[in-house]
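Welcome, and please take a moment to look over the sequence and the model. We will then walk through some of its helices and loops together.

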Amino acid sequence: MISCEPLSVDAPGSSRHLPVRDEADVLAAVGYLVKDSPRAVLVDGVRATARGETVLSPTVASTLVNRMWRPTARWRTPVARWEDRLTPSRSGGSMPGSVRSLREPVFRRWFLGQVLSASGGTTQAVALAWLVVQLTGSGLDIGLMTSCSFLPLFLLGPYAGGLVDRIGPRRVLIATQSLLAVLAGLLAVLAATGTVQMWMLFVIAAASGSVSTYDGTARQVYVVDLVGAERVSNAVALNEVVVNGSRVLGPAVGGAALGIWGAAACCAVNGLSFLPSLIVVVRHRVEASAHPPRPARDGGLRYAWRNPAIRACLLLAAASGMVFHLDVPIPLLAYGVFRLDGTAFGLMMAAFGVGSIPGVLLAASGPSRPSGLRVAILAGATGIAVLGASYAPTVPLVFLGMAVTGCLSIWFISLANTLVQLESDPGMRGRVNAAWTMALPGCILVTGPFMGWVAGVAGPRLGFGVAGLAMLLAAAVGWRALTRARLPVGQ
């Protein structure tokens, strides 16, 4: 029996047992399946420790877990067997590649908790918009409340990343999830007692946005700690399931709760939705990174600027905010061009969500490390799809264009996020993820009003089409950097 010492955060777990038949099985796997390390060094290291109940060094064990590749069918079966033993499913059955991150029991619980939490957030958003309408009926106040939520992303993003790198994502998440639950509970009490005022909503929105800045950065780093670098691509794609599922489930639950129990119930649902994720974080301790964080003076934006691939992905993320912020251009396109009613407008929005499902599956079932070339091509294809939907001559073609846009955009953004995660030094992931959050959704604070202005000046078609132009421009600017990014291991 061979056991592993606690691994770095790049490994999916620690203290896992690796039952093998004999020493030759270990040597064969290491010698033939580790591509970038000298075979003699690794073989000597394993041979020295492969006697009875022994211990693999963190380096060798991490290599076994994270750097496996499958050049021939001869070695495919042993590797698959070892991977299954390292990441067993409680159900005992095999899982398809599109959900392979769910083999990790802790990530399964975290994933389900995030589905509930994200749906709770959109449920509360429905209630907040309704409260503003009841208090003032002003569209400007709704816009100002949105600004209160997004502005902290720019102001606090760099500090959030530094804190996550310094103390770890788990401690940050325990604090942020607790605070968000408390803020939702406070809003529920104010709404239930009828004492809520507009300035209170502004303050709570700003406080929630500030806490969410730290929470969003910590969640992205925490996922890497849970599943390891080998499955981060799959985990990021599954996160898109959370985002798009909340867009469907949240408004439905929010609308029903608002109509039956009122705004206070929506806020209470959001507060309770944080509890499952909080329980997972409290109960599960992730091993600390083997790579210490860089000094605080190394900011995420400075680090990203020095890395061409990360810089290009952040630019694409900022441009894609216009694609995902459908609340501004699509109502204008549906009513101003095609004179559609509310039902047809809702179906147009749903077409984007339905199209995103195959995009999620394509991203989740792809290689563990996406190539920069694929990211660039998908970004350009997304821009073309947006232009096609913007200038579609008939309603059926608009629906088709929205579905295609949903598929390509989700596929692209999942791979771009994964590439940023894997290109980043482990000690810088918190700050780089903070920079990503500043780009998406942070830049919506600027790009949203810009799209509305373009639609008002040049018409609804160009109001949405400018998002496609921005994607094409960003893809062209970052093409050279992305195509020179390292290829996935084994390709």
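Where is the place of Trp261? Trp261 sits in the loop between helix H9 (232-260) and helix H10. Helices here are DSSP runs of H or I with at least four residues, as strands are runs of E with at least two, and both are numbered from the N terminus. A word on the background: this is a predicted model, in which local features need pLDDT of at least 70 and side-chain atom pairs count only at pLDDT 80 or more, while totals for chains, interfaces and linings use all residues. Residues are numbered from 1 along each chain as its sequence is written, and side-chain values use heavy atoms, with hydrogens and water left out.

Is Trp261 buried or exposed? Trp261 is exposed, with a relative accessible area of 65%. Here buried means under 20% relative accessible area, exposed means over 50%, and partly exposed lies in between, using a 1.4 Å probe and protein chains only. In space, the C-alpha of Trp261 lies 9.9 Å from that of Ala192, although 69 residues separate the two in sequence.

Step along the chain to H10 (residues 263-273), and the setting is another one. Eight of the eleven residues of H10 are buried, so this helix is largely enclosed by the rest of the structure. Among them are Ala263, Cys266, Cys267, Asn270 and Ser273.

Now turn to helix H7 (residues 169-193), which packs with helix H8 (residues 198-227) at an angle of about 150 degrees, their axes 8 Å apart. H7 is therefore roughly antiparallel to H8. H7 passes H8 in a left-handed crossing. The residues of this contact divide into 18 nonpolar, four polar and four charged. Three conventions help here. Axes are lines fitted to C-alpha atoms, for helices over the stretch in contact, and angles run from 0 to 180 degrees between N-to-C directions. Angles under 35 degrees count as roughly parallel, over 145 as roughly antiparallel, 65 to 115 as roughly perpendicular, and the rest as oblique. A crossing is left-handed if the near helix is turned anticlockwise from the far one by less than a right angle, and right-handed if clockwise. As for the residue classes, Ala, Val, Leu, Ile, Met, Phe, Trp, Tyr, Cys and Pro count as nonpolar, Asp, Glu, Lys and Arg as charged, and the others, Gly among them, as polar.

H7 has a further partner in helix H11 (residues 275-283): their axes come within 9 Å and cross at roughly 150 degrees. H7 and H11 are therefore roughly antiparallel to each other, and their crossing is left-handed.

Next, look at helix H5 (residues 105-135), the home of Ser119 and of Trp110. Trp110 counts as buried at 3% relative accessibility, and Ser119 counts as buried at 6%. Both have neighbours from elsewhere in the chain. The C-alpha atoms of Trp110 and Ile279 are 9.1 Å apart, with their positions 169 residues apart along the chain. Ser119 and Val243 are 124 residues apart along the chain, and their C-alpha atoms are separated by 8.4 Å.

Further on comes helix H17 (residues 395-423), whose 29 residues reach 42 Å from first C-alpha to last, close to the 42 Å expected at 1.5 Å a residue. The expected span is 1.5 Å times one less than the number of residues. Of the 29 residues of H17, 22 are buried, so this helix is largely enclosed by the rest of the structure. One residue of H17 is Ile413, which is buried with a relative accessible area of 3%. The C-alpha atoms of Ile413 and Ala317 are separated by 7.2 Å, with the residues 96 apart along the chain.

Two loops deserve a closer look. Most residues other than glycine have a negative phi, and most peptide bonds are trans. Arg339, in the loop between helix H14 (329-336) and helix H15 (342-364), has a positive phi near 55 degrees. Arg339 is exposed, with a relative accessible area of 58%. Pro441 lies in the loop between helix H18 (429-439) and helix H19 (444-458), and a cis peptide bond with omega of about 15 degrees joins Leu440 to Pro441.
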